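Q: I should like to learn how to read the features of a protein model. Where should a reader begin?
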Amino acid sequence: MNARDGPEAGPQADTDGGQVASTSTHTVRLELADEPGELLRALSPIADNGGNLLSIYHERGNITPRGRIPVEIDLEAPDDRFEGIVDALRDAGVNVIQAGTERYSEELTVVLVGHLIDTDLSDTLRRIEDCEASSVADVSLSAPEGTERASSARVRLAARAGETERALETVREVADEKGFDVVEPLVGVEP
């Protein structure tokens, strides 16, 4: 079994022969800016909160829709410290797109229509991404008449289990503020 399979490491003995907290293997997926020091900035909160690095997969040649570099980190940490590591990463301004296995298990697609470019599309995506219930998985922009006219974007979101409504509410709030129309997925319709 490799680190990505997430085996339980079990309790470990401390130096006095007692038991310490059980450790597990965890995976976090991040998006980082392609700038010097960004990977180090992301690793510090892990080490500072008791995480032990197992592997880092840094996909420098693969850019996310938001123009960032995806990074996957496998780490070992006491079970009771993992959420603290994730919170510390977010507090440090690191974009966590997945943490552990439960995070983003549902997918939904919305279409935004309006002056997406003039109102700063990257700001729109960042604000949707700031909602901890979802992550922007993919964006496809269409502006056939240039930036002077309305454009449209298909935005695929990965949402936490049971939190698609919260993710949609964030999209609605941003769209309302920026004057976009939102085409939402049909809910409760059998294919």
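**Reading the model, feature by feature**

A: The largest pocket holds about 300 Å³ of space. Please keep in mind that this is a predicted model.

Q: How is empty space found in general, and which residues lie nearest the centre of the largest pocket?
A: Rolling a probe the size of a water molecule over the atoms shows where empty space is left. Here, 19 residues line the largest pocket, and those nearest its centre are Gly93, Val94, Asn95, Val96 and Asp130.

Q: Which element gives the most to the lining of the largest pocket?
A: Helix α3 gives the most, with three residues. At least two lining residues come from each of β2 (23-32), α1 (38-48), β5 (95-99) and α3 (121-130).

Q: How do the lining residues of the largest pocket divide into nonpolar, polar and charged?
A: The lining has ten charged residues, six nonpolar and three polar.

Q: How should the backbone angle phi be read, and what is the phi of aspartate 120?
A: Most residues other than glycine have a negative phi, and most peptide bonds are trans. Aspartate 120 has a phi near 70°, a positive value in a residue other than glycine. Its place is the loop between β6 (104-114) and α3. Aspartate 120 counts as partly exposed, because its relative accessibility is 39%.

Q: Which residue with a positive phi follows α2?
A: Glycine 93 follows α2, and its phi is near 85°. Glycine 93 also belongs to the group of residues nearest the centre of the largest pocket.

Q: Which residues of helix α2 are buried?
A: A residue is called buried when its relative accessible area is under 20%. In α2 (residues 82-91), the buried residues are Phe82, Ile85, Val86, Ala88, Leu89 and Arg90.

Q: How are strands read, and how many bridges join β7 to β8?
A: In a regular strand the side chains alternate between the two faces of the sheet. Strand β7 (residues 134-142) is joined to β8 by eight bridges, and the two run antiparallel. Within this pairing, serine 152 in β8 has serine 142 opposite. Strand β8 (residues 151-160) is mostly covered, with seven of its ten residues buried.

Q: How is a salt bridge recognised, and what is the count of salt bridges?
A: A side-chain nitrogen of Lys or Arg must lie within 4 Å of a carboxyl oxygen of Asp or Glu. By this rule, the count is twelve salt bridges.

Q: How far apart in helix α3 are arginine 126 and aspartate 130?
A: They are four residues apart in α3, so about one helical turn separates them. Their side chains meet in a salt bridge, at 2.9 Å from N to O. Arginine 126 is partly exposed, with 38% relative accessible area, and aspartate 130 is partly exposed as well, with 49%.

Q: Which residues are linked with this pair in a network of salt bridges?
A: The network links Asp123, Arg126, Arg127, Asp130, Glu177 and Lys178.

Q: With which residues do arginine 166 and arginine 172 form salt bridges?
A: Arginine 166 pairs with glutamate 163, their closest N and O atoms being 2.6 Å apart. Arginine 166 is partly exposed, at 41% relative accessibility. The side chain of arginine 172 meets that of glutamate 165 in a salt bridge of 2.7 Å, N to O. Arginine 172 counts as partly exposed at 24% relative accessibility, and glutamate 165 is partly exposed with a relative accessible area of 46%.

Key: Residues numbered from 1 in each chain as written. Predicted model: local features only at pLDDT ≥ 70, side-chain atom pairs only at ≥ 80, totals over all residues. Heavy atoms only, no water. 1 Å grid on protein atoms, 1.4 Å probe; cavity = no way out; pocket = protein on both sides within 12 Å on 5 of 7 lines; lining within 4 Å. Points joined across faces, edges and corners; volume = space filled by probe spheres on them. Nonpolar A, V, L, I, M, F, W, Y, C, P; charged D, E, K, R; others polar. Buried < 20%, exposed > 50% of the residue type's maximum accessible area, 1.4 Å probe, protein only. Pairing = 2+ DSSP bridges.
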